[in-house]
Amino acid sequence: MKKKPLFILALLLVPLSFFWQSQVQPFLASLAESAPEIQPRDGRHPAPDFSLRSLDGDLVRLSDYRGSAVFIGYWATW
């Protein structure tokens with residue numbers, strides 16, 4: 001009786017592996033090759049430089065992070 005579930009599992013896994021190799025892997029490879037490269041738009045201007053105090057009291061300038069991605073989170077409490 002124990003051989004029957006293993007046989008059924010093998011019957012399911014073999015076609016699935018062939019399907020994966022013949023259909024899914026080439027599709028995923030084509031998606032990776034066709035991914036667009038992100039380029040900056042022409043005519044963009046850099047963000048104006050500003051400075052703020054950190055929670056430690058240090059002065060932090062936006063220009064200190066030039067060339068890096070910067071996420072500025074702000075919110076209101078009203």
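**Charge, extent and exposure in a predicted chain**

The protein carries 8 positive and 7 negative side chains, and 19 Å separates the centres of these two sets. These values, like the others reported here, were computed from a predicted model.

Turning to secondary structure, the protein contains 1 helix and 2 strands, and these elements follow the order α-β-β from the N terminus on. The radius of gyration of the protein comes to 27 Å, well over the 12 Å that the globule rule gives for 78 residues, so the protein is more spread out than a compact globule. The dimensions of the C-alpha trace can be set beside this value: along the principal axes of the protein, the trace spans about 75 × 35 × 25 Å.

The surface offers another view of the chain. Of the 78 residues of the protein, 1% count as buried, where buried stands for a relative accessible area under 20%. The exposed area of the protein amounts to about 8300 Å², and 63% of that area is supplied by carbon and sulfur atoms.

One aromatic residue helps to bring this picture down to the local scale. F71 is found in the segment after β2, the strand that covers 59–61. With a relative accessible area of 77%, F71 is exposed, since the cut-off for that class is over 50%. S51 lies 20 residues from F71 along the chain, and the C-alpha atoms of F71 and S51 are 14 Å apart.

Note on methods
Residues numbered from 1 in each chain as written. Predicted model: local features only at pLDDT ≥ 70, side-chain atom pairs only at ≥ 80, totals over all residues. Heavy atoms only, no water. Helix = DSSP H or I, 4+ residues; strand = E, 2+ residues; numbered from the N terminus. Rg over C-alpha atoms; globule rule 2.2 N^0.38 Å. Buried < 20%, exposed > 50% of the residue type's maximum accessible area, 1.4 Å probe, protein only. Areas by Shrake-Rupley, 256 points an atom, 1.4 Å probe, with all protein chains shown as cover. Lys, Arg positive; Asp, Glu negative; His and termini not counted. Charge placed at Lys NZ, Arg CZ, Asp CG, Glu CD.
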